[in-house]
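Work through the exercises below with the coordinates open. Try each task before reading its solution.

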Amino acid sequence: MKQIVTITTVIILVLLSQGCRHRTKRLEPYGWPLVDARFDSLSRVAEQNMYTSVSLDSITRQMDSIAMASPDNKNELLARTHYWDACKLYMNFEHDKADRLLVSADSLSTDLYTKERIKSLKTTFTDFKSYDSFCDLLRQLEYYASIGDLPQQGNTASTICSSLMYTEAPDAALYYLNMADSLYKASRNKLRSDNLRINKVTLLCIANKKDEAEELFQQLFSDSTITCNDLAHELLLRNHYYFFEDSASLFKAYDIRKDVEKETLQSQTLTLLYEALIGEYYMNHGQLDAAARYIEKRKIDPDSIRDEDLQLAIYEVDANYYEAIGEKDKAYDAACKITYINKNIAENQQPDNKIYTDFLNAEQQTRAEKKSLRTRLYVIIAVSIILLLSIIIIGRKWYSRYQIRHRETLRRAEQRERELMSMALTRQQGDRIIDYVGNEISRLSNQEEITGKDISQLDKNLKLHMLERENMQNFEETFTKIHPDFYSNLRTITPDLSDNQIRLCSYIMLGLNNQEIASLMNIKQSSLRQARLRLRQKFGITKDDSIQEFLRQITPPRALTA
């Protein structure tokens with residue numbers, strides 16, 4: 001019993017040691033190279049909560065303490081800690097602080113994947129709409145695909161979709177949205193997948209597919225997983241207001257924003273956007289006093305917002321509001337802000353046309369190549385089918401001719417077998433004639449006078465006897481044509497066979513019965529049985545074995561040609 005326990009313990013220890021040796025070398029399903037067990041575990045939690053409302057402050061503090069206590073990998077771990085801090089700062093619209101942290105992270109890290117993630121994060125939250133960034137995103141997508149990093153593939157495809165969303169290429173944006181959705185589902189990131197469904201309804205509205213968009217809106221509103229997520233529900237309601245001018249959706253979204261509001265720049269920016277939109281709603285309905293409560297009472301200055309599109313939307317509302325209440329100076333200042341923002345947009349990023357035009361040209365070329373490849377494939381398949389059908393038709397014709405030749409060969413073989421039978425029966429008739437002649441000679445010798453008629457009859461019978469000899473020769477020649485090596489093989493196996501025994505073997509090969517063979521050989525049935533018994537003894541076969549089957553194994557019949 002102790003030995004069994006000892007052996008089992010040794011096996012378990014060996015398996016555990018092998019499992020430690022073959023431990024995954026990177027954080028699955030991401031591309032982070034593993035460094036420290038506790039730090040890697042925290043990285044996994046940070047990845048899962050990157051695009052949620054969960055705070056990463058406690059996680060990054062733990063990461064920082066682990067990094068400071070690690071003598072060998074301190075710089076690399078600090079770089080990753082700075083990465084997560086920068087991620088949350090970007091999401092809170094604190095871009096300046098985030099940029100400084102990423103510069104520090106890039107200088108500390110020596111790992112290629114870490115540096116690529118730093119570059120991807122900066123591209124995602126800064127100038128992803130520029131053409132150069134668009135090309136860089138395509139390169140990043142290829143890189144993450146090469147290392148099998150599904151989450152980052154999904155994030156990059158989603159960013160590419162965002163860069164194309166407000167261009168004149170909604171189909172291209174939808175292509176990358178579907179790609180990102182499938183990647184998120186493969187990596188089991190349902191939260192990001194649900195957010196992409198909201199982006200999809202936005203794309204349908206941009207593509208002027210309002211019926212499909214409204215149907216998808218209703219599906220999303222009835223999905224409890226989205227309505228229970230405050231951020232996703234708020235975004236869905238906001239988009240429904242944008243594209244269908246549904247004021248009820250606007251006020252519901254604003255109520256959700258107030259309930260989850262935090263003292264962050266991101267939250268304050270969204271609150272400022274809602275207040276501008278609600279103020280615009282009241283202004284359009286002639287309720288300027290109500291509009292003033294939302295437009296003039298702001299907690300932050302719109303200039304502090306990093307997103308120029310949001311700035312533009314807010315200042316357009318301001319310009320219209322101050323124009324409506326007659327404050328020309330403030331309206332002029334808002335108009336100047338709008339002009340300045342539009343100028344920055346024109347200077348900092350190339351026209352959207354270049355993004356989607358180059359992309360569509362590349363896509364068109366790719367589709368043309370795929371179409372050409374499909375055409376070649378169809379041609380190859382068609383030619384292969386034609387060749388296969390030709391082979392089948394030719395094969396069937398050849399087989400039909402072969403069957404005809406085979407039937408003709410069998411017919412000729414049967415005909416020659418019948419000729420042999422006929423010759424054998426003719427010989428039997430000859431033996432009868434010989435007996436008859438012998439009897440006639442005996443009878444004539446006892447007669448006192450021999451007439452001419454008797455002599456003529458005897459001459460006739462002798463001629464028939466000579467004809468029978470010729471028939472026997474013909475029998476042997478025909479038999480040799482059908483079984484060319486029979487006689488030689490038979491004499492090789494049993495050289496002491498007599499002529500009568502060889503003749504008996506020929507008759508057995510023809511399938512004649514005992515009565516026919518006894519008649520042809522002019523012997524009795526009992527003598528034939530003795531002859532067959534002697535053949536068995538010479539061939540070394542038992543009583544139960546067939547002599548005919550034994551003889552057929554000596555040499556098969558030759559196939560006769562047409």
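The exercises cover helices, salt bridges and exposure in this predicted model.

**Exercise 1. Helix H5**

Task: Compare the span of H5 with the expected value, then find which residues are buried and what they pack against.

Solution:
- Step 1. H5 covers residues 95-108, which makes 14 residues. From first to last C-alpha, H5 reaches 20 Å, close to the expected 20 Å at 1.5 Å a residue.
- Step 2. His-95, Ala-98, Asp-99, Leu-102 and Ala-105 are buried in H5. Viewed down the axis, the buried residues fall within an arc of 125°, so they line one face of H5.
- Step 3. Turned away from that buried side is a face with the exposed residues Arg-100, Val-103 and Ser-107.
- Step 4. The packing partners of the buried residues are helix H4 (74-91) and helix H6 (112-125).

**Exercise 2. Helix H9**

Task: Check the span of H9, then look just past its end.

Solution:
- Step 1. H9 (residues 170-186) has 17 residues, which should span 24 Å at 1.5 Å a residue. The end C-alpha atoms are 24 Å apart, so the two values agree.
- Step 2. Among the buried residues of H9 are Pro-170, Leu-174, Asp-181 and Tyr-184.
- Step 3. Just after H9, Arg-188 has a positive phi of about 60°.

**Exercise 3. Two salt bridges**

Task: The whole structure holds twelve salt bridges. Place the pairs Arg-197 with Asp-223 and Glu-234 with Arg-238.

Solution:
- Step 1. Arg-197 and Asp-223 meet at 3.0 Å, N to O. Arg-197 is in helix H10 (residues 190-206), and Asp-223 is in the loop between helix H11 (210-221) and helix H12 (224-227), so the bridge ties together parts 26 residues apart in sequence.
- Step 2. Apply the 20% cut-off for burial. Arg-197, at 25% relative accessibility, is partly exposed. Asp-223, at 16%, is buried.
- Step 3. Glu-234 and Arg-238 meet at 3.3 Å, N to O. They are four residues apart in helix H13 (residues 230-244), so about one helical turn separates them. Both residues are buried.

**Exercise 4. Buried or exposed?**

Task: Are Thr-271 and Tyr-378 buried or exposed?

Solution:
- Step 1. Thr-271 sits in helix H15 (residues 265-284). At 8% relative accessibility, Thr-271 counts as buried. Its C-alpha is 9.3 Å from that of Lys-299, 28 residues away along the chain.
- Step 2. Tyr-378 belongs to helix H19 (residues 352-445). At 53% relative accessibility, Tyr-378 counts as exposed.
- Step 3. Tyr-378 helps make a nonpolar surface patch of about 770 Å², with partners including Leu-377, Ile-381 and Ile-385.

Conventions. Residues numbered from 1 in each chain as written. Predicted model: local features only at pLDDT ≥ 70, side-chain atom pairs only at ≥ 80, totals over all residues. Heavy atoms only, no water. Helix = DSSP H or I, 4+ residues; strand = E, 2+ residues; numbered from the N terminus. Expected span 1.5 Å × (residues − 1). Buried < 20%, exposed > 50% of the residue type's maximum accessible area, 1.4 Å probe, protein only. Arc of directions from axis to C-beta. Contact = heavy atoms within 4.5 Å. Patch = residues over 30% accessible without salt bridge, like charges linked within 9 Å, V, L, I, M, F, W, Y side chains within 5 Å. Areas by Shrake-Rupley, 256 points an atom, 1.4 Å probe, with all protein chains shown as cover. Salt bridge = Lys/Arg side-chain N within 4 Å of Asp/Glu carboxyl O.
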